[in-house]
Amino acid sequence: MGKTVADMQKIVAVAAGKGAADLYIEGGSLVNVFTGEIYPANIAVFQGKIAYVGNSRKMVGPRTEIIDASGCYLCPGFIEVHTHPWMVYTPATMVEVHLALGTTTFVCDNLFFYAYLGADGFLRIMKALAKLPARLYWVARIMHQTIDPEEPELFSIPNLDKVFMDPHVIKVGEITRWPKLVEGNESVMRRIKLAEERGLGFEGHAAGCSYDKLNAVAAVGVESCHEAITAEEAINRLRLGLWTILRHSSLRRDLPELLRAVTDYKVQTHRLLFSTDGSTPGFLAREGWIEGMVRKAVKVGVEPVTAIQMATINAATYLGLDRKIGAIAPGMHADILLLPDLQNFKPRLVIVGGNVVAADGKCCVSIPEPDWISLGLKAKLPPRELVSNPGLFGVPSDSSAIFPVIEVISAAINRLKERTLESRGGFLERKEDMLYCALVDHRGKWVTNGFVEGFGHMEALAATFTTSYDLLVLGRNRTAMAAAAAAVVDMGGGIALVDGNKDMFKMPLVYGGIMSADPYEVSMETLNTLQEKVRECGYPYHDIIYTLLFLVCDFLPGPRITAGGIIDVKTGQILYPPMPL
Ligand SMILES: Nc1ncnc2[nH]cnc12
């Protein structure tokens, strides 16, 4: 509901010292993100908004709560402009831990919830999450990031429009298939036009895009990109007018390199922002969320106020929310951090909408976890009898063949390697350094089989944590693969690993097969254990969860395993088809 005339009159009265504030924060030093100054000032809050900033105490009444901010800096709450709020944590457990550390606004991707439940289901989820004590805004995807036979209906114009009309949806989410923008693809342009008509801007995702092609991405109206991985790529984006989101994530730890754009090249910073881009809980607990990025920036020589601007007003301006959040000024939401210093950025108090929500790193308000199962997020799983049959896994062939093997060369990047494989017992046999690999449709209607190399030597690994929410199964041993797959079905979604000793490790992810019902710390520990165990099984990279997520995607280079078969992302070629069941 919008504000009434009476509301406006009341806040004006408080500002003018003729009415009493609800809250008065005094004795602190204000970080003014508009001017870059730091100076003593008090803040009066009324009905969740800032009414006054200055030295007057006329609005302090008998019922005004006073917070003594002596020795603290008064800083706007930090803003995460791009996250995926389901990295085994739920949006609620994520908020509980990271709101307390100073990130008060989270701009969330809708892809997983939307792809799982469609427009109406996503709208229900968004409504349930609006009860959290942080500010959650959403970006809405206009395309999938894997091959999905249901994509045309799922992302139809009427379905997208339902989502675009919701005021919590503030942009189109990362357009991962950027080559479609460069080619002027009509179906994508239609969706862009609709979003524009609804007043939405666009997040880009121009990973590996050359400067010349970036021009086309910007020309179509894309406003931002978080895929720069060098200072020079960041500068290219800035030069073309793109808001440039500096990413430091569990997958890509690029901030020190990206910040050279500021420390070495001395570019202006007003269109630079921060994001952790859906990092895993262990990484975030270690490195921090936006407060961690601000800390790192200051450590490499960025002025504290500049780093704070990047985390607050720059972000708010990019989001079109700079009259509401991102600064401490009259009329803005009272999202305020009390920071004892400008080195560690660990808040003593976190205030959102005028309420104290956290003190000394701990939330002090209730964090309602939605009832995910009644919202429809029971994991979608293929039938147990289907996946517990080892015969499901393997490429049928009565003779030797040259096969397109997926070689995993980093946590997220693959390369095509053609290998000659012998046939045994009616199936192509893997070589010693390879694993069988299968993606099983969550409805049990198809399976794509293939091989991966460079992944390790586990007996089996089965996971619903994939970008298509189908069941991914890998391993040396097809019987163990069937056992791991059945265990995942029995858990109601999750990850099961059978190691070299044939022990089974299980991580239940019962909400949609990707989020844990455990508290944040518990799911973090379980994920850390999984990472250690896969490493012992020869998985050589740092982020198993991303490898599982993106082995199935259609936007990073190299071969991927999808509903459309083993595909080569760059050419779109089907290298080996799926098998109907
Ligand atoms: N691109 C992405 N899509 C879905 N979940 C993610 N988590 C991190 N990155 C993601």
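**Entry 1: Arginine 419**

Is arginine 419 buried or exposed? I looked up its relative accessible area in this predicted model and found 17%, so arginine 419 is buried, given that buried means under 20%. I then located arginine 419 in strand β21, which covers residues 414-421. The side chain of arginine 419 forms a polar contact of 2.8 Å with the side chain of glutamate 453. I also listed the contacts of arginine 419, leaving aside neighbours within four places in sequence: Ala401, Ile402, Phe403, Val405, Lys431, Asp433, Met434 and Glu453. Glutamate 453 thus appears in my notes both as a contact and as the partner in the polar contact.

**Entry 2: Aspartate 161**

I turned next to aspartate 161, which has its place in helix α5 (residues 157-164). Its relative accessibility is 17%, and aspartate 161 therefore counts as buried. Which residues does aspartate 161 contact, once its neighbours within four places in sequence are left aside? I noted Leu194 and Arg198. With arginine 198 there is a polar contact between the two side chains, at 2.6 Å.

**Entry 3: Tyrosine 116**

I found tyrosine 116 in helix α3, which runs over residues 111-129. Tyrosine 116 counts as buried because its relative accessibility is 3%. Leaving aside neighbours within four places in sequence, I recorded contacts of tyrosine 116 with Gly376, Leu377, Lys378, Ala379, Lys380, Tyr469 and Gly512. For lysine 378 I recorded a further detail: the side chain of tyrosine 116 reaches the backbone oxygen of this residue at 3.4 Å. I also looked up a distance to aspartate 503, which is 387 residues from tyrosine 116 along the chain. The C-alpha atoms of these two residues are separated by 32 Å.

**Entry 4: Domains and helix α2**

I consulted the domain assignment, which gives domain 1 (5-71), domain 2 (75-333 + 357-371) and domain 3 (384-580). How many ångströms lie between the C-alpha centres of domain 1 and domain 3? I noted 56 Å.

I then examined helix α2 (residues 91-99) and found it mostly covered, with eight of its nine residues buried. These buried residues are Pro91, Ala92, Thr93, Met94, Val95, Val97, His98 and Leu99.

**Entry 5: The ligand and its surroundings**

Which residues surround the ligand? I listed His84, Trp86, Met87, Arg141, Gln145, Glu174, Asp277, Gly278, Tyr546, Leu549 and Phe550. I sorted this shell by character and obtained five nonpolar, three polar and three charged residues. Helix α19 (residues 544-550) gives the most to the shell, with three residues. By domain, the shell draws at least three residues from each of domain 2 (75-333 + 357-371) and domain 3 (384-580).

I then looked at nitrogen atoms of the ligand and the polar side-chain atoms beside them. For glutamine 145, such a side-chain atom lies 2.7 Å from a nitrogen atom of the ligand. For histidine 84, the distance from a polar side-chain atom to a ligand nitrogen is 3.4 Å. For glutamate 174, a polar side-chain atom also lies 3.4 Å from a nitrogen atom of the ligand. How much of the ligand's area does the protein bury? Taken alone, the ligand exposes 260 Å², and the protein buries 96% of that.

Definitions and conventions: Residues are numbered from 1 along each chain as its sequence is written. This is a predicted model: local features need pLDDT of at least 70, side-chain atom pairs count only at pLDDT 80 or more; totals for chains, interfaces and linings use all residues. Side-chain values use heavy atoms; hydrogens and water are left out. A residue is near a molecule or strand if one of its heavy atoms lies within 4 Å of it. A polar contact is a pair of N or O atoms within 3.5 Å; within protein, one must be able to donate a hydrogen and the other to accept it, and residues adjacent in sequence count only if both atoms are side-chain atoms. Accessible areas come from the Shrake-Rupley method with a 1.4 Å probe; for residues, only the protein chains shown count as cover. Helices (H or I, at least four residues) and strands (E, at least two) are DSSP runs, numbered from the N terminus. Ala, Val, Leu, Ile, Met, Phe, Trp, Tyr, Cys and Pro count as nonpolar, Asp, Glu, Lys and Arg as charged, and the others, Gly among them, as polar. Domain bounds come from an automatic or database domain assignment. Buried means under 20% relative accessible area, exposed over 50%, partly exposed in between (1.4 Å probe, protein chains only). Contact means heavy atoms within 4.5 Å.
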